[in-house]
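Notebook open, structure loaded. I'll jot down what I look up as I go.

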Amino acid sequence: MLTRTTAAGAPTADTAPLLKVRGLEAWYGESHVLHGIDFDVAPGEVVTLLGRNGAGKTTTLKSIMGVMNKRRGSVVLEGTETIALPSRAIARLGIGYVPEERGIYASLSVEENLLLPPQVRPGGLSLEQIFELFPNIKERLKSQGTKLSGGEQQMLAIGRILRTGAHLLLLDEPTEGLAPVIIEQIGRTIARLKREGFTIILVEQNFRFAATVADRHYVVEQGKVIDMIPNDELDANIDKLHGYLGV
Ligand SMILES: Nc1ncnc2c1ncn2[C@@H]1O[C@H](COP(=O)(O)OP(=O)(O)OP(=O)(O)O)[C@@H](O)[C@H]1O
Ligand SMILES: [Mg+2]
């Protein structure tokens with residue numbers, strides 16, 4: 001059993017959002033790519049950002065994390081406006097980001113990679129709890145980080161942010177390029193983390209996978225959120241979703 005001191009309850013209709021994003025805009029140099037992103041995430045929820053390539057999903061996560069040079073609008077975490085904060089201060093509020101490229105260092109061992117991010121808040125998982133979630137990691141502690149399989153690297157990347165005390169997790173395409181059996185394991189991990197009270201924003205191209213773990217889906221198109229589909233209404237909206245995603 002994983003126990004966290006800051007576990008949030010399940011979302012209810014009258015729960016204040018854990019994260020409230022309004023009018024979020026972002027630029028790469030002169031290139032304006034987010035044009036007013038709006039969405040909410042309730043405590044303990046798993047939501048996805050779905051959308052075509054280049055829609056702005058990764059940029060939305062980077063903007064929430066404060067790693068874009070230029071962003072504007074409002075990102076409120078548990079009542080704190082973060083839009084003007086540096087990324088370190090945002091991480092200290094308890095947001096953990098697993099980028100699409102996973103960020104595993106080849107020059108470091110698995111163990112060193114795991115211990116790299118600083119603990120930002122109380123309530124992070126212990127190494128034993130992380131090994132319980134990801135037994136493969138424990139067996140490979142002394143290996144070079146990039147000698148792990150793609151799935152193991154993804155587990156290491158998720159495991160190391162769980163140590164930090166982050167309670168809002170931003171996962172960018174955690175299943176990309178992985179075998180079905182590993183995708184299932186990642187899905188079980190996400191479900192477990194949800195039960196433990198973590199709140200998760202998941203960027204996914206694979207909406208069949210997304211449907212197995214998420215409460216709601218936000219559709220991103222050309223730098224805006226254009227629709228929200230509750231997971232239990234996904235089947236009824238499947239044609240519309242295919243249209244959005246061009247599949
Ligand atoms: N480093 C960068 N410099 C300039 N433009 C960028 C950069 N990264 C992304 N873009 C552009 O910003 C827009 C949004 O990209 P983003 O990576 O957020 O999309 P995405 O929805 O995550 O796509 P994908 O599904 O392909 O990962 C795209 O037009 C992309 O070309
Ligand atoms: Mg992306």
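**Helix H7**

I listed the buried residues of H7 (buried is under 20% relative accessible area, exposed over 50%, partly exposed in between; 1.4 Å probe, protein chains only): Ile183, Gln185, Ile186, Gly187, Thr189, Ile190, Arg192 and Leu193. Helices here are DSSP runs of H or I with at least four residues, strands are E runs of at least two, and both are numbered from the N terminus. This is a predicted model, where local features need pLDDT of at least 70 and side-chain atom pairs 80 or more, while totals for chains, interfaces and linings use all residues. Residues are numbered from 1 along each chain as written, chains are lettered from A and ligands numbered from 1 in written order, and side-chain values use heavy atoms, without hydrogens and water.

I checked the span next: H7 runs over residues 180-195, 16 in number, and reaches 23 Å from first C-alpha to last, close to the expected 22 Å (1.5 Å times one less than the number of residues). After H7 comes Gly197, with a positive phi near 100°.

**Tyr105**

I found Tyr105 in the loop between E6 and helix H3 (110-115). Is Tyr105 buried or exposed? Neither: its relative accessible area is 45%, so I noted Tyr105 as partly exposed.

I then pulled its contacts (heavy atoms within 4.5 Å). Leaving out residues up to four places away in sequence, Tyr105 touches Asn113, Leu116, Gly145, Thr146 and Arg160. For Gly145, I get 5.9 Å to Tyr105, C-alpha to C-alpha, at 40 residues apart in sequence.
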